[in-house]
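Trainee: I am new to this structure. Please choose one part, look at it closely, and then place the rest around it.

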Amino acid sequence: MENKNYERNLLGNWILREVLKLPPRTLITKEILDKLEIDSIILTKERDDYFHLDFAKSGSFENFKSDTL
């Protein structure tokens, strides 16, 4: 379990610091996501050992919800 927590921290740091360029200890709010024009993350499994992560434009999550209901 310790290794999984470490891997989650690496992923979170990469998303928040490297991709979104947010400073440490920044509280992620809806306003910040709106400014970045994203509202969700799309994670696609390509193979057993390879995943693709992408950010969805604002409104994508609402469209997803309405399409699946």
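Mentor: Among contacts (heavy atoms within 4.5 Å) between residues at least 6 apart in sequence, 17% join residues at least 24 apart in the chain. This is a predicted model, in which local features need pLDDT of at least 70 and side-chain atom pairs count only at pLDDT 80 or more, while totals for chains, interfaces and linings use all residues. Residues are numbered from 1 along each chain as its sequence is written, and side-chain values use heavy atoms, with hydrogens and water left out.

The chain has three helices and two strands, which are DSSP runs numbered from the N terminus (helices H or I, at least four residues; strands E, at least two). Read from the N terminus, the order is α-α-β-β-α. The part I choose is the β-β portion of that order.

Strand 1 covers residues 38–47, and strand 2 covers residues 50–57. The two pair in the antiparallel sense over eight bridges; pairing requires that DSSP finds at least two bridges between the strands. A hairpin of two residues connects strand 1 to strand 2. One of the bridges puts Arg47 opposite Tyr50, its partner in strand 2.

Phe51 also belongs to strand 2. When residues up to four places away in sequence are not counted, Phe51 touches Leu43, Thr44, Lys45 and Glu46. Is Phe51 buried, partly exposed or exposed? Phe51 counts as partly exposed because its relative accessibility is 45%; buried means under 20% relative accessible area, exposed over 50%, and partly exposed in between (1.4 Å probe, protein chains only). In the chain as a whole, 9% of the 69 residues count as buried.

Lys45, which Phe51 touches, takes part in a salt bridge with Asp48, and their closest N and O atoms are 3.2 Å apart. The term salt bridge stands for a side-chain nitrogen of Lys or Arg within 4 Å of a carboxyl oxygen of Asp or Glu. Asp48 counts as exposed because its relative accessibility is 69%.

How does the chain lead into this part? Glu37 is found in the loop between helix 2 and strand 1. Its phi is positive, about 60 degrees, although Glu37 is not a glycine. Glu37 is partly exposed, since its relative accessible area is 49%. Lys21, in the loop between helix 1 (2–19) and helix 2 (30–36), also has a positive phi, near 60 degrees, and is likewise a residue other than glycine. Lys21 is exposed because its relative accessible area is 60%.

The salt bridge of Lys45 and Asp48 can be set beside others, as a search of the whole structure finds four. Side chains of opposite charge can pair when their charged atoms come close. One of the salt bridges joins the side chains of Lys30 and Asp34, at 2.8 Å from N to O. Both residues lie in helix 2, four residues apart, which is about one turn of the helix. Lys30 counts as exposed because its relative accessibility is 53%, whereas Asp34, with a relative accessible area of 37%, is partly exposed.

On the other side of the strands in sequence comes the last α of the order. Here Lys65 forms a salt bridge with Glu62, and 3.4 Å separates the closest N and O atoms. Both lie in helix 3 (residues 60–68), three residues apart, about one turn of the helix. Lys65 is partly exposed because its relative accessible area is 34%, and Glu62 is partly exposed at 46%.

As for overall extent, the C-alpha trace of the chain spans about 35 × 35 × 20 Å along its principal axes. To find the chosen part again, start from the bridge between Arg47 and Tyr50 and follow the antiparallel pairing of strand 1 and strand 2 from there.
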